Amino acid sequence: MAKHHPEFSVSNRVHALMLVLAHLCFSRSLVSARPRPIFACNAAANPELASLAFCDPAAGTAARVADLLGRLTLAEKIEFLVNSGGGVARLGIPRYEWWSEALHGVAWHYGLGTTFSRVVPGATSFPQVILTAASFNVSLFEAIGKVVSTEARAMYNVGQAGLTFWSPNVNIFRDPRWGRGQETPGEDPVLTSKYASAFVRGLQQREDGDSERLKVAACCKHSTAYDLDNWKGVTRFDFDAVVTQQDLADTFQPPFKSCVLEGNVASVMCSYQKLNGIPTCADADLLTGVIREEWKLNGYIVSDCDSISVFFKSQHYTNTPEEAAAKALLAGLDLNCGDFLRNYTEGAIKAGLVDERVIDRAISNNLATLMRLGFFDGDPRRRLYGKLGPKDVCTQENQELAREAARQGIVLLKNSAGSLPLSPSAIKSLAVIGPNANATLDMIGNYEGIPCQYTTPLQGLAALVAATYAPGCANVECLSAQVEEAKGIAASADATVLVMGANQLIEREGLDRINLTLPGQQQFVVTEVANAAKGPVILIVMSGGGMDLQFAKDHDKITSILWVGYPGQAGGAAIADVIFGSYNPSGRLPMSWYPQSYADTVPMTDMNMRPDPSRGYPGRTYRFYTGPVVYTFGDGLSYTNFNHYLVEAPEQLRIPLEDGHACLSSECNSLDAVEESCQNLAFDIHLTVENGGEMSGGHTVFLFSSPPPVHNSPQKTLLGFEKVFLASQTQGVASFRVDVCKDLSVVDELGSRKIALGTHLLHVGSLKHSLDLRV
């Protein structure tokens with residue numbers, strides 16, 4: 001999702017500065033109480049509305065939509081095709097703004113439907129998604145969604161938010177340079193799919209169990225294969241993502257499929273770029289054929305902002321704007337973020353390019369979503385969630401969950417000789433150094449709201465031990481190092497904490513990275529300080545994407561490395577909890593970290609996931625990449641030791657085939673993964689997990705598979721994961737239900753699922769177990 005296309009005529013640096021200044025100014029000049037909002041079908045204020053069938057909450061959604069549709073003129077219908085929709089005063093319908101954001105808390109900067117005021121001055125700001133994903137805790141994903149939707153409902157009741165939130169971002173983090181990778185759950189389609197469906201459930205599911213109604217409406221974006229913003233002059237507005245059917249089916253589409261089929265999401269957003277020559281918002285096969293018909297989306301399809309204008313003006317996909325409007329509507333688009341459909345739909349109808357019945361279909365999907373949200377049910381005070389208000393935003397419980405989410409996500413990547421945790425009784429002084437050491441806004445990431453409060457890393461650490469601070473650089477870009485003061489305090493302190501990394505000046509929407517190294521002279525600062533330090537040196541990296549930290553990994557005096565993503569409002573407290581041992585780190589990397597040589601040799605524009613040795617192309621993500629890494633997907637350490645013991649798993653399974661099947665008389669390496677073959681083909685894997693160390697903690701049990709080498713299959717792929725929490729010297733269990741057709745299938749070159757026959761090597765930690773699939 002984006003602001004409108006013209007914003008990118010402003011330089012990246014100026015744009016980022018404007019974000020910071022706008023945030024600070026806005027938070028200091030919050031307006032006084034807003035007037036009481038006007039709600040549609042408020043019969044208490046206007047008794048005549050009670051006779052309108054679409055205002056009857058007891059009537060079915062389809063009947064209510066049909067009644068309202070029949071009352072609208074064409075001009076009024078067109079207003080329901082755009083995000084800043086016009087109201088219909090004669091029917092008691094106020095204007096509605098569809099665009100609100102809730103990526104990791106109710107956000108204000110992008111979504112036009114959300115504001116903060118003295119009534120609700122802030123909302124709980126959870127870690128940026130990439131760090132929450134590092135927890136590998138599905139129940140946490142859903143719990144965060146539930147809190148965000150409760151705060152959103154509370155803000156809606158006082159007129160400070162909408163009910164339709166264009167979150168989550170479930171694009172695959174294919175390339176570490178992508179500026180928006182921070183918004184995603186990472187590089188793996190299974191993790192991203194599980195995050196997507198769980199977060200959507202948290203946002204949408206009502207506590208009364210009514211599956212037809214929605215608490216708020218989520219939106220999974222940006223469909224599909226969107227993961228380049230602005231790299232070396234190639235922008236998302238002109239990029240044609242050339243993607244094989246194989247990569248589309250086994251990497252890019254699974255999260256969107258999970259959103260719809262498992263999360264029952266209310267909306268899917270199409271993206272800016274072309275996909276194999278066709279703008280996604282004009283792709284009927286994608287929008288109607290797959291999302292609407294194959295997956296049975298119960299909701300609306302929305303464009304990214306100004307994307308219809310983009311495929312007309314920038315991509316020159318149509319000759320006239322009316323043709324562009326018709327293309328989008330006929331493809332299956334229901335709602336336009338922007339004004340394009342407001343301006344050109346009537347002209348498209350008059351030119352015979354599209355029929356009014358197509359407009360009726362589109363707005364029926366939009367209106368049905370609003371019906372399910374209770375938008376047409378009158379004053380929400382009479383309904384479920386109507387009593388929520390400012391008291392339900394930024395509660396102590398919600399803020400504690402933000403701290404817990406950050407703790408669970410923080411990844412310990414290096415810990416020489418058990419240097420961490422530090423002892424608060426043994427460590428009397430601490431040097432805290434780095435451009436992110438006293439970060440506030442930079443801890444939040446993009447698509448942010450105004451947090452309830454901030455705890456910076458310096459504040460979190462200084463609350464536990466005497467701390468001396470030096471920035472080391474003027475800012476995160478670190479164009480000039482300021483090392484003398486930093487070296488001086490490190491030389492006298494019992495321990496040194498360096499808080500380095502990135503912020504939105506380095507990576508964000510509209511700005512992809514060129515390099516994977518620490519920005520500017522940060523590496524020089526880290527090395528100089530580490531060489532001068534008296535005690536242990538802890539390097540903390542705050543970033544959305546991975547960094548080439550090989551120098552720090554190899555440096556003997558850098559005893560520990562922590563990655564903390566963008567940890568949210570309580571990031572500093574969570575960092576202190578981990579460093580001083582009141583919390584045992586359990587986060588694992590949701591993306592691979594590559595050396596700088598990757599960025600030097602692999603173009604972002606190559607969408608192929610699989611390696612191609614003939615041209616020296618190494619492939620992408622841990623599933624296919626064949627080159628060197630600094631750290632890989634799933635890496636992460638603990639302060640204790642976990643062991644796995646296999647209790648139960650089959651060694652061989654036979655696939656039943658009908659009489660006369662070709663594979664009974666000739667050798668096959670795969671079978672079609674069709675329903676008939678898959679019945680009763682699931683099995684359980686049971687494991688014992690032991691915490692053999694001296695500290696309680698959480699642990700993610702990963703089940704990976706290396707399938708047979710058929711159809712250019714992944715070298716290793718995640719089948720499932722389970723987060724367990726174990727006290728010291730105790731055991732627990734982890735179980736996985738493996739569906740042969742879903743989990744042990746691979747995608748062939750044409751994009752079809754095939755059961756891979758032969759030996760599948762299952763991995764859990766250091767355990768390996770062979771499973772043979774035969775006919």
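In which strand does Met500 lie? I looked this up at the outset and found Met500 in strand β14. I took strands as DSSP runs of E with at least two residues and helices as DSSP runs of H or I with at least four, numbered from the N terminus.

**Basis of the entries**

I note that this is a predicted model, in which local features need pLDDT of at least 70 and side-chain atom pairs count only at pLDDT 80 or more, while totals for chains, interfaces and linings use all residues. Residues are numbered from 1 along each chain as its sequence is written, and side-chain values use heavy atoms, with hydrogens and water left out.

**Entry: Met500**

I checked whether Met500 is buried or exposed. Met500 has 0% relative accessibility and counts as buried (buried means under 20% relative accessible area, exposed over 50%, and partly exposed in between, with a 1.4 Å probe and protein chains only). I then listed the contacts of Met500, leaving aside residues up to four places away in sequence; contact means heavy atoms within 4.5 Å. Met500 touches Ile433, Gly434, Pro435 and Asn436, then Gln522, Val525 and Val526, and also Leu539, Ile540, Val541 and Met542. I also looked up Gly378, which is 122 residues from Met500 along the chain, and found 51 Å between their C-alpha atoms.

**Entry: helix α19**

How many residues of helix α19 are buried? In this helix, residues 571-579, I found nine of the nine buried, so α19 is largely enclosed by the rest of the structure. The buried residues run from Gly571, Gly572, Ala573 and Ala574 through Ile575 and Ala576 to Asp577, Val578 and Ile579. They pack against the helices α14 (396-409) and α15 (457-462) and against β14 (495-501), β15 (537-542) and β16 (558-563). Strand β14 is thus a partner of α19, and β14 is also where Met500 lies. After α19 comes Gly581, with a positive phi near 85°.

**Entry: helices around α8**

I examined α6 (residues 189-204) against α8 (residues 254-261) and found that their axes come within 8 Å and cross at roughly 25°. Axes are lines fitted to C-alpha atoms, for helices over the stretch in contact, and angles run from 0 to 180 degrees between N-to-C directions. The two helices, α6 and α8, are therefore roughly parallel to each other (angles under 35 degrees count as roughly parallel, over 145 as roughly antiparallel, 65 to 115 as roughly perpendicular, and the rest as oblique). From α6, the contact uses Pro189, Thr192, Ser193, Ala196, Ser197 and Val200, and from α8, Pro254, Pro255, Ser258 and Cys259. By class, I recorded six nonpolar, four polar and no charged residues in the contact of α6 with α8. Here Ala, Val, Leu, Ile, Met, Phe, Trp, Tyr, Cys and Pro count as nonpolar, Asp, Glu, Lys and Arg as charged, and the others, Gly among them, as polar. As a general point, an α-helix has 3.6 residues a turn, so residues three or four places apart point the same way.

I turned next to α7 (residues 245-252), which packs on α8 at an angle of about 50°, with the axes 6 Å apart. The helices α7 and α8 are therefore oblique to each other. Leu248, Ala249, Asp250, Thr251 and Phe252 of α7 meet Pro254, Pro255 and Phe256 of α8. This contact of α7 with α8 has six nonpolar, one polar and one charged residues.

**Entry: cysteines**

How many disulfides does the structure hold? I found seven, a disulfide being a pair of cysteine sulfur atoms within 2.5 Å. I looked at several of them.

One joins Cys305 to Cys337, with an S to S distance of 1.9 Å. Cys305 is in the loop between β10 (300-303) and α10 (307-313), and Cys337 is in the loop between α11 (321-331) and α12 (340-350), so the pair ties together parts that are 32 residues apart in sequence. The link of Cys305 and Cys337 is right-handed, with 65° about the S-S bond. Cys305 is buried at 0% relative accessibility, and Cys337 is buried at 0% as well.

Another joins Cys473 to Cys478 at 2.0 Å; its torsion is about -60°, so the disulfide is left-handed. Cys473 is buried at 2% and Cys478 at 1%.

I also noted the disulfide of Cys663 and Cys668, S to S 2.0 Å, which is left-handed with -95° about the S-S bond. Cys663 is buried at 11%, whereas Cys668 is partly exposed at 25%.

Finally, I looked up Cys219, which is buried at 0%. The closest cysteine sulfur, in Cys220, is 6.9 Å from the sulfur of Cys219, too far for a bond.
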